[in-house]
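Here's a quick tour of a protein model, meant to be read with the structure open beside you. Take it one topic at a time and look for each part as it comes up.

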Amino acid sequence: MRKLFGGIAVTVLVAALAVRAENKPAAKGPNDDGTKPALIKIAGEGMLDSHAFQYLTELSDDVGARVTGSPQAQKAIEWGQAKMRAMGLENVHAEKWQLWRGWTRGTAQADLLTPIHRPLHIDAMGWTGSTPAGGAEGDVVEVNMFDLDNEIKNVSRLAGKVALVVTQGEPKKSFIQLFAQFGDFLRAAGKAGAIAVIGGQGGGKAQGMNLTHTGILGFDADFAVPVVSMTAEDQSQLERYIGRGLTPRVHFNVQNTFSSGPVESANVVGEIRGRENPEQVLVVGGHLDSWDLSEGTTDNGMGSSCALGAADAILRSGMKPRRTIRFVLFTGEEQGLDGSFAYVKQHQAELANHLGSLILDNGQGPVKAFQLGGRDDLVDIFKPFAAALADIRDVNVDDKVEDGTDTLPFSVAGLPGINMNQESPEYKYTHHSAADALEAVKPDVLAQDATLMALAAYWIADRPERFASPWPAEKTVKMLVGQHQDAMLKAFGLWPKAFADIEKREPPSN
Ligand SMILES: [Zn+2]
């Protein structure tokens with residue numbers, strides 16, 4: 001656009017702008033669309049009398065860790081419903097769905113036997129298996145994450161060994177392809193009789209001092225071989241020995257339990273019904289499930305308490321939005337976005353009436369951007385709202401798809417799966433680790449995040465014009481390909497058959 005101003009095209013530009021202005025009036029923000037008085041009341045409740053940190057404290061200290069499918073997660077589901085009822089949400093209920101199988105962490109102990117003797121710090125990755133009772137002893141050998149083709153071919157060398165995943169040379173595939181192939185490697189290593197795999201979150205080294213980070217190794221993926229996260233200090237020591245030509249010997253005893261079949265879980269749902277168009281729905285939430293090395297405060301007690309705090313602030317303001325705001329605390333996020341995929345499936349018939357979803361799940365920091373989940377058509381519409389928040393915080397707007405949380409199923413459905421992205425420099429330490437505790441969260445930051453969530457939710461639901469409708473599948477396919485989401489979705493079997501059919505009919509062109 002800038003170069004047009006240099007030449008004769010100025011008149012053309014002016015004419016073009018005039019046409020544009022005629023067809024597409026500038027989007028109105030809270031200053032012009034009538035929503036501002038309500039937003040001011042909600043901001044007052046949210047910033048001066050927030051209940052969000054109280055919710056986060058209860059969830060962290062009284063409920064605690066809540067792995068999907070566990071009795072603790074069931075307690076969280078009951079707690080969430082009780083909170084929603086007490087604050088006055090309508091239609092509070094749990095929406096059941098089935099997790100493919102359950103998993104319970106047991107113990108994980110490791111000892112370095114040679115060249116020196118000392119304990120090593122490990123924790124099992126979720127949905128991975130056990131050593132023989134009492135453990136097993138073996139040599140540590142390196143496995144190169146960047147050359148998994150070869151590692152799978154030569155997997156028999158891992159019999160009776162502990163595999164240490166390292167990254168050497170240049171990767172021959174994209175990160176997503178490697179992560180998907182890591183699952184194939186783990187299955188092959190288990191069959192070959194490896195004792196265990198030191199593999200962290202897809203082979204990466206643990207971040208932070210003396211911390212391990214648990215997590216799942218795929219979407220709904222379980223592995224018979226024990227896979228562990230080891231502290232960076234201990235892992236580096238093993239790497240140094242191997243680098244010097246020594247073969248460290250270790251004893252590993254890892255005990256976990258799988259349930260034999262599917263287990264029940266549930267999303268927690270409660271609504272503020274719309275005053276004019278109650279059938280039109282904006283989903284607002286975070287995920288209630290967590291990992292179990294600590295309290296699950298930053299991942300994602302933050303998102304759950306933001307959603308509850310936002311609901312509470314709106315209710316106490318006495319303001320009623322035009323359309324329905326449906327607060328949803330998802331479960332199963334940590335196993336592969338299972339709760340939000342289940343929601344989209346269970347509400348298929350109602351999706352045409354959805355406006356999108358608004359999710360916070362990026363740690364403990366202040367909100368820095370609203371990412372509109374692929375919907376570039378909404379960026380200009382959203383910007384005047386973001387500008388109206390300037391006295392609270394500068395917040396950017398873009399159309400990025402966030403694939404790492406419950407936004408993704410909504411983006412795949414062609415709806416704006418809006419991610420409230422945060423500035424969380426310490427999240428790399430608290431993420432799925434023993435440091436994911438209430439200690440990591442500042443109450444004022446949480447109150448601000450919850451208020452921004454309340455304001456965005458209310459504005460989207462209340463503005464005179466409907467914010468969004470789902471895109472047709474053709475347009476969604478194009479968008480997902482454009483945002484390079486198709487490779488990941490295909491690698492993990494999440495690319496809908498309808499999308500594959502569209503691609504066959506209309507091969508992507510530039
Ligand atoms: Zn999370």
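Start with the metal: along the chain, the donors of the zinc ion follow the spacing H-x11-D-x61-D. Keep in mind that this is a predicted model. From the zinc site we'll move out to one open sheet of eight strands, then to the nonpolar cores, and then to another open sheet of eight strands.

**The zinc site**
- The atoms holding the zinc ion come from His287 (NE2), Asp299 (OD) and Asp361, whose OD atoms are listed twice, at 1.9 to 2.5 Å.
- Why is the arrangement irregular? The four donor atoms subtend angles of 53 to 143° around the zinc ion, and that makes it irregular.
- For comparison, the ideal angle for four tetrahedral donors at a metal is 109.5 degrees.
- His287 sits in strand E11 (residues 277–287) and Asp299 in helix H8 (residues 297–317), so this pair, twelve residues apart, links distant parts of the chain.
- Are His287 and Asp299 buried or exposed? Both are buried.

**The sheet with E11**
- Eight strands make up this open sheet, in the order E1-E10-E12-E11-E13-E16-E14-E15, and the pairing is mixed.
- Strand E1 (90–99) and strand E15 (396–398) are at the edges with a single partner strand each, so one side of each has no neighbour in the sheet.
- On average, neighbouring strands here are turned by 25° against each other, direction ignored.
- E11 runs parallel to E12, joined by eight bridges; Asn277 has Arg323 in E12 as its bridge partner.
- E11 also pairs with strand E13 (residues 354–359) in the parallel sense, over five bridges, and Val281 has His354 in E13 as its bridge partner.
- H8 packs on this sheet, touching strand E10 (263–272), E11, strand E12 (323–330) and strand E16 (417–422), and its direction makes about 145° with that of E11.
- Helix H10 (residues 379–387) packs on the sheet too, touching strand E14 (367–371) and E15, at about 170° to the direction of E15.

**What's tucked away**
- E11 is mostly covered, with eight of its eleven residues buried.
- In helix H9 (residues 338–346), the buried residues include Asp338, Tyr343 and Val344. The buried residues of H9 pack against E1, E10, E11, E12, E13 and helix H11 (408–412).
- The largest nonpolar core has 64 residues, and Phe327, Leu358, Phe370, Phe382, Phe385 and Met453 touch the most other members. Helix H13 (residues 443–462) gives this core its largest share, twelve residues.
- A second, separate core of 38 residues includes Ala221, Trp471, Met488 and Phe499.
- Gln485 is in the loop between helix H14 (473–482) and helix H15 (486–491). Its relative accessibility is 6%, so Gln485 counts as buried.

**The sheet with E7**
- This open sheet of eight strands goes E3-E2-E9-E5-E6-E7-E8-E4, with mixed pairing.
- Strand E3 (118–120) and strand E4 (122–124) stand at its edges, each with a single partner strand.
- From one strand to the next, the twist averages 35°.
- Strand E7 (residues 196–198) pairs with strand E8 (residues 227–230) in the parallel sense over two bridges, and Ile198 stands opposite Val228 in E8.
- Helix H6 (residues 175–192) packs on the sheet, and its direction makes about 145° with that of E7.
- Helix H7 (residues 232–243) lies across several strands, including E3, E5 and E8, and runs at about 100° to E6.

Note on methods
Residues are numbered from 1 along each chain as its sequence is written. This is a predicted model: local features need pLDDT of at least 70, side-chain atom pairs count only at pLDDT 80 or more; totals for chains, interfaces and linings use all residues. Side-chain values use heavy atoms; hydrogens and water are left out. Donors are N, O and S atoms within 2.8 Å of the metal (3.2 Å for Na, K and Ca); water is not among the atoms, so sites may look incomplete. Four donors count as tetrahedral if all angles lie between 85 and 135 degrees; four count as square planar and six as octahedral if opposite donors are over 155 degrees apart and all others between 65 and 115; anything else is irregular. Helices (H or I, at least four residues) and strands (E, at least two) are DSSP runs, numbered from the N terminus. Buried means under 20% relative accessible area, exposed over 50%, partly exposed in between (1.4 Å probe, protein chains only). Two strands pair if DSSP finds at least two bridges between them. Axes are lines fitted to C-alpha atoms, for helices over the stretch in contact, and angles run from 0 to 180 degrees between N-to-C directions. Contact means heavy atoms within 4.5 Å. A nonpolar core is a set of buried Ala, Val, Leu, Ile, Met, Phe, Trp, Tyr and Cys residues joined through side-chain atoms within 4.5 Å.
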